[in-house]
There are 2 protein chains.
Amino acid sequence: MNADITARLANLGTWQLSQASARSHKVLHARLARAGANGYEYRILAVLGDLGAVSQADLGRAAVLDRRDVTHTVRNLQARALVTRRSDPGDRRQTLVELTAAGASTLERLDAVLAEVQTEVFAALSADQRRTLLNLLQQLS
Amino acid sequence: MNADITARLANLGTWQLSQASARSHKVLHARLARAGANGYEYRILAVLGDLGAVSQADLGRAAVLDRRDVTHTVRNLQARALVTRRSDPGDRRQTLVELTAAGASTLERLDAVLAEVQTEVFAALSADQRRTLLNLLQQLS
DNA sequence: AGCTAGCGTTGGTGCCACCAACAATATCGG
DNA sequence: CCGATATTGTTGGTGGCACCAACGCTAGCT
């Protein structure tokens, strides 16, 4: 599989990191797509699941999404009746976003997808190795 | 920095892997852009540096690039006089691509950029930790 | 000879991360 | 209180990356 890759690339740590991530993303993206969602959508639903009603700005911070992507994605989720939006009476600049019941059940479904993806992506590692890997990745930041 | 991220995301191994990769990519992309190149271009130049004259198909295999992206990118590199293209007399389906002298010196420059990026991206880890990380990432494939 | 595979071209797509400019609202400091 | 600055959300993008359909030409296999 890796036999043909040129050594100049294969020897780069950043290449190995990006290839591992690309493989992971491929699995995740295919599974999310099959479930009718993309990465931004899951991220937003996940934040709303954790935090309840939250402003778009806080949503973007918690999901690490640019506010323009929050606007685009929330608009799309609202069109699919997965979230609602209302002006925040306490701060008229803000719009509060909240899961609908349909949104909450979609999130549950997607959470299960994400859990399967973790199992699949990290299948080749022991629990110990996986912990080591994730600790090292965190240490990179 | 990570204080605001929602736990549902932060606890996913795939999230941690993609965030680490995104940070790495951000550094790499900024440095390549400053040097006048992008990821696909560096990959192709790197393969040509390793292998010499090579068909586009082999180029794509060695750089892990779709053949259409090979065509697009090689065309662009040729327009910038960094590579040449000629029909392969031994197989008339194939086009051989080769670095020009300008291409070779651009590759040298970019190799130095890539080396600096490795240093920067993995700065937070000891040599031992880095080796462990890269071994684990490889084991994922 | 006929069928299949490989090659390169042309021209895309969606996802992701990133951004300029604007109007409305809130906060801060004098 | 007022002016300056910051925040918020919208509108509408961009480039990089990974991925792909369809075609004509060439090569390999039976």
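# Notebook: two chains and two DNA strands

**Entry 1, salt bridges.** I began with one charged pair: Glu116(A) and Arg31(A) form a salt bridge, with their closest N and O atoms 2.2 Å apart. I then checked where the two sit. Glu116(A) is in helix α6 (residues 101–121) of chain A and Arg31(A) is in helix α2 (residues 13–34) of chain A, so the pair ties together parts 85 residues apart in sequence. Note to self: this is a predicted model. I also looked up the total, and the structure holds 20 salt bridges over all chains. A reminder from class: side chains of opposite charge can pair when their charged atoms come close.

**Entry 2, the two copies.** How is chain B laid on chain A? I found that a turn of 180° with a shift of 0.0 Å along the axis does it, and the RMSD is 0.0 Å. The two copies are therefore related as by a two-fold rotation axis. The contact surface fits with that: 100% of the contact residues of chain B recur in chain A, so I'm looking at the same surface serving both copies.

**Entry 3, where the chains touch.** I looked up the contact next, and it takes 48 residues from chain A and 48 residues from chain B. About 4500 Å² is buried between the chains, and carbon and sulfur atoms give 64% of that area. On the chain B side, I noted that Arg8(B), Thr14(B) and Leu140(B) lose the most area to chain A, together 15% of what that side buries.

Then I went for the polar side of things. How many salt bridges are there between chain B and chain A? I got four. One of them joins the side chains of Asp50(B) and Arg8(A), at 3.0 Å from N to O. For polar contacts, I have 17 residue pairs across the interface, both residues at pLDDT 80 or more.

Which elements supply this side of chain B? Those giving two or more residues are α1 (7–10), α2, α3, α4 (56–63), α6 (101–121) and α7 (127–139) of chain B. I saw that α2(B) gives the most, with eleven residues. By type, I have 25 nonpolar residues, 16 polar and seven charged on the side of chain B that touches chain A.

**Entry 4, DNA strand D.** I turned to the DNA. Strand D is surrounded by 27 residues, and the closest are Gln56(A), Ala57(A), Arg68(A), Thr95(A) and Arg68(B). Of the strand D atoms within 4 Å of the protein, 59% belong to sugar or phosphate, and bases make up the rest. I picked out three spots:

- The side chain of Arg75(A) has an N or O atom 2.9 Å from a phosphate oxygen of strand D.
- Arg92(B) puts a backbone N or O atom 2.7 Å from a phosphate oxygen of strand D.
- The side chain of Asp69(B) has an N or O atom 2.8 Å from a base nitrogen of strand D.

I noted that α5(A) gives the most to this surface, with five residues. The surface near strand D splits into 15 charged residues, ten polar and two nonpolar.

**Entry 5, DNA strand C.** I repeated the look-up for strand C, which also has 27 residues around it, with Arg68(A), Ala57(B), Arg68(B), Arg85(B) and Thr95(B) closest. Here 57% of the strand atoms within 4 Å of the protein belong to sugar or phosphate. I found a polar side-chain atom of Arg85(B) 2.7 Å from a phosphate oxygen, and one of Gln56(B) at 2.8 Å from a phosphate oxygen. The largest share of this surface, five residues, comes from α5(B).

Definitions and conventions: Residues are numbered from 1 along each chain as its sequence is written. Chains are lettered from A and ligands numbered from 1 in the order in which they are written. This is a predicted model: local features need pLDDT of at least 70, side-chain atom pairs count only at pLDDT 80 or more; totals for chains, interfaces and linings use all residues. Side-chain values use heavy atoms; hydrogens and water are left out. A residue is near a molecule or strand if one of its heavy atoms lies within 4 Å of it. A polar contact is a pair of N or O atoms within 3.5 Å; within protein, one must be able to donate a hydrogen and the other to accept it, and residues adjacent in sequence count only if both atoms are side-chain atoms. Helices (H or I, at least four residues) and strands (E, at least two) are DSSP runs, numbered from the N terminus. Ala, Val, Leu, Ile, Met, Phe, Trp, Tyr, Cys and Pro count as nonpolar, Asp, Glu, Lys and Arg as charged, and the others, Gly among them, as polar. Copies are superposed by least squares on the C-alpha atoms of residues with pLDDT of at least 70 in both. Contact means heavy atoms within 4.5 Å. Buried area is the accessible area (1.4 Å probe) that two parts lose on being put together, summed over both.
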